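Reader: I would like a close look at a single part of this structure, and then at what lies around it. Please take it one step at a time.

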Amino acid sequence: MKRSGDEKLENLDDQEPEAKKSKENEKSGKFGPEMRIIPIIDKNLFQETVMLTKCYVIAIQNRKITGELLRILPEIPSELHHLRRVDNKSSRILLHPEEKAKDDPALWSKLKNLGVQKEHVELIDIPAVRPLTRLQFDWAKEKWATSYPRNPELEATINGTLFSDQEKDQIRKWSDRVEQKGCIIVQNDTAIASSSSQPDVVLGHSAIETVQELAKMEREDGSYLATDCDVFVDKEPCGMCAMALVHARAKRVFFNKPAKNGVLKEGPWQLHLEPSLNHHYAVFHLDKTENKNFEEKFVCC
Amino acid sequence: MSFMEEAFKLAEEALENNEVPVGCVFVHNGKIISSGRNETNLIKDPTAHAEMVAIRKMRREIPDLKQILQESELYVTLEPCIMCAAGLFELGIKKIVYPAKNPRFGGIESVGSAEKYRVENVKTEIIYDSKYNDRSIGLLKDFYDRENPFCPLDKRKIK
Ligand SMILES: [Zn+2]
Ligand SMILES: [Zn+2]
């Protein structure tokens, strides 16, 4: 499966010529296959368009009456509050959504007094929901002036520019180390707790065990949670481990290998995207393989 | 005394100690083999929920625990959270009995489910015992009223 975000990340990695790349790898001690950092975010964020809905609009003939129009026009329903009332670029003003009755005699007599004719009214497509990203915003605003929540971190995540080269090297280092270890909790590029999987211990999965290890550590700030921490796991966490990391307030979770019982990868239910939870961490898949079909081989343990 | 009554005694003990009031007992062949209550504040461990506390006690004491748990029943005063429920489904515990749903974290049916955790061949029997519903909700309400008397119950986090 290829999404627009993946593509951009791949391109970034492919920018350097091969020769230079291998030299860089020698310098930083990196060997083995390239690693892609794949953000696992809501699929809708990779969409380039938003849903549309039909709405009646009035072409403003005389800008001086805009203020008057704003006073007499019915309120816009709350689900369309992301839209500006007036689209300045096209000199048009929102009348009401299609499903509302077009002919309100009282309103029309007021409109006629202002010189508005029925032929000035048009039924057009407008953005039905608030755009979530810059790309969606740029597309939607061509239809109608709309607001969108600026979120630089999200934009960088989508564009594959979230991590600096130094951060990528650090992520690579922890990704390689956690292959032997199971789970490592990292704060400021320092490991503060880790644990291996313990197959003989009932529910002794490495991630939930590491959260308990962290609780036992004496830390300078007195904290026992993973707030502001990155959690590296070799295998994608199962429901128990993924929720333990929510209880621990982890900031970001990085996993190497998708797991059969994992609940973070793209699928019917992704725990970190569940809206009813009171804490949400960011999730990244650190992909070092060419082979896309290894999912069934691993389990969170 | 019923097993659920025993679980409530532990939930009340948790409340007295300013912990989220949830308690549980594990029952094997009609006998309580372990019990626990929420102690996340006491041992500063965000995973120290009643169910995990009870399981961790047994880890030290019962050899062949996996087999024993598959023959055991859990009586718990609130729907287990996603973490505990996913663990219990993986273990294949025989039966889970609880009297109140947890709309924010509930891992049996409210938010999570065995299907969502991709657990295959789930044999666990789920019993929703509404007889104790008021008592369970009442305890949680007491706890959150103490924490913040101005916050409506449904807006609060339930561990
Ligand atoms: Zn796990
Ligand atoms: Zn729990």
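Author: Start with one definition: contact means heavy atoms within 4.5 Å. A second term also matters: a residue is buried when its relative accessible area is under 20%. Keep in mind that the model is predicted.

The part to look at is helix α9 of chain A, residues 239-247. Of its 9 residues, 9 are buried, so the helix is largely enclosed by the rest of the structure. Walk along it. The buried residues begin with A:Gly239, A:Met240 and A:Cys241. A:Ala242, A:Met243 and A:Ala244 follow. A:Leu245, A:Val246 and A:His247 complete the list. Just past the helix comes A:Arg249, which takes a positive phi of about 65 degrees.

What do the buried residues of α9(A) pack against? In chain A, the partners are α8 (206-216), β8 and β9. In chain B, they are α2 and α4. Both chains therefore supply packing partners for this helix. Let us visit these partners in turn.

Take the strands of chain A. Strand β8 covers residues 230-235, and 5 bridges join it to β9(A). The two run parallel. At one point along this pair, A:Asp230 stands opposite A:Arg252 in β9(A). Strand β9 itself covers residues 252-257 of chain A. There, 6 of the 6 residues are buried, so this strand is also largely enclosed by the rest of the structure. On to the next pairing. β9(A) pairs with strand β10, residues 282-287 of chain A, in the parallel sense over 4 bridges. A:Arg252 appears again here: its bridge partner in β10(A) is A:Ala282.

Now step back to the whole sheet. In chain A, 6 strands form an open sheet in the order β1-β10-β9-β8-β6-β7, with mixed pairing. Its edge strands are β1 (36-39) and β7 (190-195) of chain A, each pairing on one side only. From one strand to the next, the twist averages 25 degrees. Helix α8(A) packs on this sheet. It touches β6 (183-187), β7 and β8 of chain A, and its direction makes about 120 degrees with that of β7(A).

Look inside α8 for a moment. A:Thr210 is found in this helix of chain A. A:Thr210 is buried, with a relative accessible area of 0%. Leaving out residues up to four places away in sequence, A:Thr210 touches A:Cys183, A:Ile185, A:Ala193, A:Ser194 and A:Ser195.

Where does this region sit in chain A? The domain assignment gives domain 1 (52-152) and domain 2 (163-288). Their centres, taken over C-alpha atoms, are 47 Å apart. An unreviewed UniProt entry annotates residues 158-284 of chain A as "domain: CMP/dCMP-type deaminase". That span is 31% helix and 20% strand, and its end C-alpha atoms lie 12 Å apart.

Now cross to chain B, where the other two partner helices are. In the UniProt annotation (unreviewed entry), "domain: CMP/dCMP-type deaminase" covers residues 1-110 of chain B. Chain B has an open sheet of 5 strands, in the order β2-β1-β3-β4-β5, and the pairing is mixed. β2 and β5 (125-128) of chain B stand at the edges with a single partner strand each, so one side of each has no neighbour in the sheet. Neighbouring strands here are turned by 15 degrees against each other on average, direction ignored. Strand β4, residues 95-98 of chain B, pairs with β5(B) in the parallel sense over 4 bridges. Partner helix α2(B) packs on this sheet, touching β1, β2 and β3 of chain B. Its direction makes about 125 degrees with that of β2(B).

One more stop: the zinc ion (ligand 2). B:His49 (ND1), B:Cys81 (SG) and B:Cys84 (SG) coordinate it at 2.1 to 2.3 Å. B:His49 lies in the loop between β2 (31-37) and α2 (50-61) of chain B, and B:Cys81 in the loop between β3 (72-76) and α4 (82-91) of chain B, so the pair ties together parts 32 residues apart in sequence. Both are out of the way: B:His49 is buried at 4% relative accessible area, and B:Cys81 is buried at 2%. These loops lead back to the start, for α2 and α4 of chain B are the helices that the buried residues of α9(A) pack against.

Notes. Residues are numbered from 1 along each chain as its sequence is written. Chains are lettered from A and ligands numbered from 1 in the order in which they are written. This is a predicted model: local features need pLDDT of at least 70, side-chain atom pairs count only at pLDDT 80 or more; totals for chains, interfaces and linings use all residues. Side-chain values use heavy atoms; hydrogens and water are left out. UniProt positions are given in the numbering used here, feature names are shortened, and annotations may be inferred rather than shown by experiment. Donors are N, O and S atoms within 2.8 Å of the metal (3.2 Å for Na, K and Ca); water is not among the atoms, so sites may look incomplete. Buried means under 20% relative accessible area, exposed over 50%, partly exposed in between (1.4 Å probe, protein chains only). Domain bounds come from an automatic or database domain assignment. Two strands pair if DSSP finds at least two bridges between them. Axes are lines fitted to C-alpha atoms, for helices over the stretch in contact, and angles run from 0 to 180 degrees between N-to-C directions.
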